[in-house]
Amino acid sequence: MATMILEIQARGLHHYQRLERFPVRVGRALDNDVILSDTSVSAHHLRLEQDEAGQVFIQNLSSENGTRLNGHSLGKEAALAPIPSQLLLGNRRLRLVSVETPVENTYMSRCSSVFAPLCKPRWALSLLLLTVVALLGNDYLAIALQKEPLFYVSGLLPSLLWLLFWALLVGGMTRLLTHRWDFAPALSVVSLFTLIPLILQEMGGWLDYFFTSDKPSTWLLVGGVDFLLLPVLLYTYLHWVLSQKRLPALGIALVLSALPLGIRAISLLDQVTLENEFSSEPYYNQTLSSLNIHANAALPLDEYVQKATAALPPQRSP
């Protein structure tokens, strides 16, 4: 008799049972040859027989949820099962295959070189510490008045709670895909997602000053942070850290990013619509300083006064 393999499909890692002696009974009762703990499976659900030619026949024993072979419901009569075959016992999916069935190529872990910070606990803690310093620095520069250190610490606590929440969320996704907890890569991804916008915001401020325009920071923050950062980081994490295939990793990244990206797109459309309407707040740029190193020459004072005078409405004599 030829040895067969019964694949018990589950989320992530599947289980395999060698079938070397027939007949084989499958069910939830403990006297079966293959025991399934799924409550939708009957106590004695299925019987497998093999003839001298190596052909496998499947007989349904369940009167509750029944058995489906390659999408077709089985009656009480034994049916020939081609190899490979898909089985559905209640809500539990199985696959009957031969020992000669080829397996997929081994996917090596790519968590090395430039991706080492996403995997090593010490690098993850370093990224977290750098993110905390960047958050404190951003709050310090954004507040004009002198504050006590406790003020900045209290403002940092909500950000740390969000970091922990998202790290647990990404770690839970890792648990579903790999059946193991890897908290260090999740913490690294969340830290990068917080740190990179702060860096781009600072870069955008310098570029705005140099080009005398708000467009560099707008393109960096809107294009780089709002629409590209989240899917790129998720794809990098899924493909290069969790060793998922390219297309599934890209699909999962786009699905998880769809909701926040959609909300951000609606917000941007509202902003564009409001720009053409009346606003009581004047639009101005506060990027000038004594270190004038703009790419374009500054407007001479006489020419500025002349243009400003021409733009003002004429004064009426009393």
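Take residues 123-143: the C-alpha atoms at the two ends of this span lie 31 Å apart, and the span is 95% helix with 0% strand. UniProt, in an unreviewed entry, gives these residues the feature "transmembrane region", along with 149-169, 181-199, 219-238 and 250-269. Try residues 219-238 from that list, and you get 100% helix, 0% strand and 27 Å between the end C-alpha atoms. Keep in mind that you're looking at a predicted model, so a word on confidence comes first: where pLDDT is low, the predicted coordinates should not be read in detail. Here the chain has a mean pLDDT of 82, and 86% of its residues reach 70 or more. Confidence peaks in strand 3 (residues 24-27), with a mean of 93, and is lowest in helix 5, with a mean of 82.

Now for the overall layout. The protein chain has six helices and eleven strands. It runs to 318 residues, 31% of which count as buried. If you take the contacts between residues at least 6 apart in sequence, 47% of them join residues at least 24 apart.

Let's go to the helices and what sits between them. The largest nonpolar core is made of 23 residues, and L118, V170, Y237, L238 and V241 have the most contacts inside it. Helix 2 (149-178), helix 3 (183-211), helix 4 and helix 5 each give two or more residues to this core. Helix 4 provides the largest share, with seven residues. L238 is a good residue to click on. Leaving aside residues up to four places away in sequence, L238 touches M173, L177, S243, Q244, A249, I252 and A253. Apart from this core there is another one, with 21 residues, including V34, I58, A81 and L89.

Helix 4 also turns up in a salt bridge. D226 pairs with R264, and their closest N and O atoms are 2.8 Å apart. D226 belongs to helix 4 (residues 215-241) and R264 to helix 5 (residues 246-275), so the pair links distant parts of the chain, 38 residues apart. R264 is partly exposed, at a relative accessible area of 25%.

On to the strands. Six of them make an open sheet with antiparallel pairing, in the order 2-1-11-10-7-8. Strand 2 (15-19) and strand 8 (72-73) are the edge strands, each pairing on one side only. At the strand 8 end, two bridges join it to strand 7 (residues 67-69), the two running antiparallel. There you'll find R68 standing opposite S73 of strand 8. As a reminder for picking out side chains, in a regular strand they alternate between the two faces of the sheet.

Strand 3 has pairings to look at too. Three bridges join strand 3 to strand 5, and these two run antiparallel. V24 has L48 in strand 5 as its bridge partner. With strand 4 the direction changes: two bridges join strand 3 to strand 4, and the pair runs parallel. Here the bridge partner of G27 is I35 in strand 4.

What about charges around these strands? Side chains of opposite charge can pair when their charged atoms come close. The structure holds seven salt bridges, and D226 with R264 is one of them. Another joins the side chains of D38 and R92, at 3.4 Å from N to O. This pair also links distant parts of the chain: D38 is in the loop between strand 4 (34-35) and strand 5 (46-50), R92 is in strand 11 (residues 92-98), and 54 residues separate them. The two partners fall on opposite sides of the 20% cut-off for burial. D38 has a relative accessible area of 17%, so it counts as buried, whereas R92, at 24%, is partly exposed.

Compare that with R47 and E49, whose salt bridge has its closest N and O atoms 2.6 Å apart. R47 is partly exposed, with 26% relative accessible area, and E49 is partly exposed as well, with 30%.

How values were computed: Residues are numbered from 1 along each chain as its sequence is written. This is a predicted model: local features need pLDDT of at least 70, side-chain atom pairs count only at pLDDT 80 or more; totals for chains, interfaces and linings use all residues. Side-chain values use heavy atoms; hydrogens and water are left out. A salt bridge is a side-chain nitrogen of Lys or Arg within 4 Å of a carboxyl oxygen of Asp or Glu. Helices (H or I, at least four residues) and strands (E, at least two) are DSSP runs, numbered from the N terminus. Buried means under 20% relative accessible area, exposed over 50%, partly exposed in between (1.4 Å probe, protein chains only). A nonpolar core is a set of buried Ala, Val, Leu, Ile, Met, Phe, Trp, Tyr and Cys residues joined through side-chain atoms within 4.5 Å. Contact means heavy atoms within 4.5 Å. Two strands pair if DSSP finds at least two bridges between them. UniProt positions are given in the numbering used here, feature names are shortened, and annotations may be inferred rather than shown by experiment. pLDDT is the predictor's confidence in each residue, from 0 to 100.
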